[in-house]
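Please open the model in your viewer and keep the sequence panel beside it, since each stop on this tour begins with a selection. The stops go from the whole chain to individual residues.

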Amino acid sequence: MRTCRASAAGKLTVVLATFVVVLAGCGGGPSPRAWASTVCGALTPWRSEISKLTSSTDEQMTAQTTPAQAKENLVRLFGGAEQASETARKKVEQAGVPETDNGEAISAGFSSSLGKMRDAYGRARDTIDRLGTGEATVFYDGVRAAVETLNKEYDASALDTSRLNSEELKQAFDEVPECR
């Protein structure tokens, strides 16, 4: 179990790094600095919450727990990660469209990526919640499969930065205090 969660946490780190290596936008909204500040203000607590939930579950899972206790802990972890992702997605959406080339695509990309992560956590939570706990081996095999699916969905939800490139936003993300 520890390896699966560590892998999921590693995927989270990659996704967060992708967010910080920013993109490009459109026009008529907040300045790149204001937008970056708002987005980092949304992503910082999200990242902290995901890390806290993962660490808490790691601690609980290393203790001697029954499959029923593990199930309860994992359902809580993935439910909390789902809610934290939705909260961050709403805040990014509320940040508007940055005033830069392709701002609409950048804003939509951030929001979409967080929505896909939210949904991946929700599906993992639901999958684990449906697992029976009567037979430990079957339960943990199901958990491993759910985490593998979560990892694949994480990979698929990553923001494609290859087509989006904004020097203004890169500079803003490097300079605003909320992103440090």
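What follows is a walk through a predicted model, one selection after another.

**The whole chain**

Begin with the entire chain in cartoon representation, where you will find six helices and zero strands, so that, read from the N terminus on, the elements run α-α-α-α-α-α. If you then colour by burial, buried residues make up 44% of the 180 residues in the chain. Switching to a surface view, the chain exposes about 8800 Å², and carbon and sulfur atoms supply 49% of that area. A contact map would add that, among contacts between residues at least 6 apart in sequence, 86% join residues at least 24 apart.

**The disulfide**

Next select Cys-40 and Cys-179 and show their side chains. The structure holds one disulfide, and these two residues form it, with their sulfur atoms 1.9 Å apart. Cys-40 lies in helix α2 (residues 32-62) and Cys-179 in the segment after α6 (167-175), so the pair ties together parts that are 139 residues apart in sequence. Looking along the link, you can check that it is right-handed, with 100 degrees about the S-S bond. Are the two cysteines buried or exposed? Cys-40 is buried, at a relative accessible area of 6%, and Cys-179 also counts as buried, at 17% relative accessibility.

**The nonpolar core**

Now select Trp-35, Val-39, Trp-46, Phe-78, Phe-110, Ile-128 and Phe-173, which are the residues with the most contacts inside the largest nonpolar core, a set of 41 residues. At least two residues of this core come from each of α2, α3 (67-94), α4 (103-130), α5 (136-157) and α6. As general background, nonpolar side chains in soluble globular proteins tend to be buried together.

Within that selection, keep Trp-35, Phe-110 and Phe-173 highlighted, because these three form one aromatic cluster. Then centre the view on Phe-78: leaving aside its neighbours within four places in sequence, Phe-78 is in contact with Tyr-121, Ala-124, Arg-125, Ile-128, Val-147 and Leu-150.

**Aromatic pairs**

The count of aromatic pairs comes to six, and two of them are worth displaying in turn. For the pair of Tyr-121 and Tyr-154, the ring centres are 5.7 Å apart and the planes stand at 85 degrees; angles over 60 count as edge-to-face, so this pair is edge-to-face. The pair links distant parts of the chain, with Tyr-121 in helix α4 and Tyr-154 in helix α5, 33 residues apart. Tyr-121 is buried at a relative accessible area of 6%, and Tyr-154 is buried at 1%.

For the other pair, select Phe-139 and Tyr-140, whose rings are also edge-to-face, at 5.0 Å centre to centre and with 75 degrees between the planes. Phe-139 is buried, with a relative accessible area of 0%, and Tyr-140 counts as buried at 17%.

**Helix α5 from end to end**

Select α5 by itself and measure between its terminal C-alpha atoms. At 1.5 Å a residue, the 22 residues of α5 should span 32 Å, and the end C-alpha atoms are 31 Å apart, which agrees. The buried residues of this helix, which can be coloured as a group, are Phe-139, Tyr-140, Gly-142, Val-143, Ala-146, Val-147, Leu-150, Asn-151, Tyr-154 and Ser-157.

From that group, pick out Asn-151, which lies in helix α5 and is buried with a relative accessible area of 10%. A distance drawn from its C-alpha atom to that of Ala-120, 31 residues away along the chain, comes to 8.7 Å.

**Ser-111 and Asn-102**

Move to helix α4 and select Ser-111, which lies in that helix and is buried, with a relative accessible area of 10%. Which residues does Ser-111 touch, not counting residues up to four places away in sequence? They are Arg-89, Val-92 and Glu-93.

Finish at Asn-102, found in the loop between α3 and α4. Its phi is near 60 degrees, a positive value in a residue other than glycine, and Asn-102 is partly exposed, with a relative accessible area of 41%.

Terms used. Residues are numbered from 1 along each chain as its sequence is written. This is a predicted model: local features need pLDDT of at least 70, side-chain atom pairs count only at pLDDT 80 or more; totals for chains, interfaces and linings use all residues. Side-chain values use heavy atoms; hydrogens and water are left out. A disulfide is a pair of cysteine sulfur atoms within 2.5 Å. Helices (H or I, at least four residues) and strands (E, at least two) are DSSP runs, numbered from the N terminus. Buried means under 20% relative accessible area, exposed over 50%, partly exposed in between (1.4 Å probe, protein chains only). A nonpolar core is a set of buried Ala, Val, Leu, Ile, Met, Phe, Trp, Tyr and Cys residues joined through side-chain atoms within 4.5 Å. Contact means heavy atoms within 4.5 Å. The expected span of a helix is 1.5 Å times one less than its number of residues. Accessible areas come from the Shrake-Rupley method with a 1.4 Å probe; for residues, only the protein chains shown count as cover. Rings of Phe, Tyr and Trp (its six-membered ring) pair if their centres lie within 6.5 Å; planes under 30 degrees apart count as stacked, over 60 as edge-to-face and the rest as tilted.
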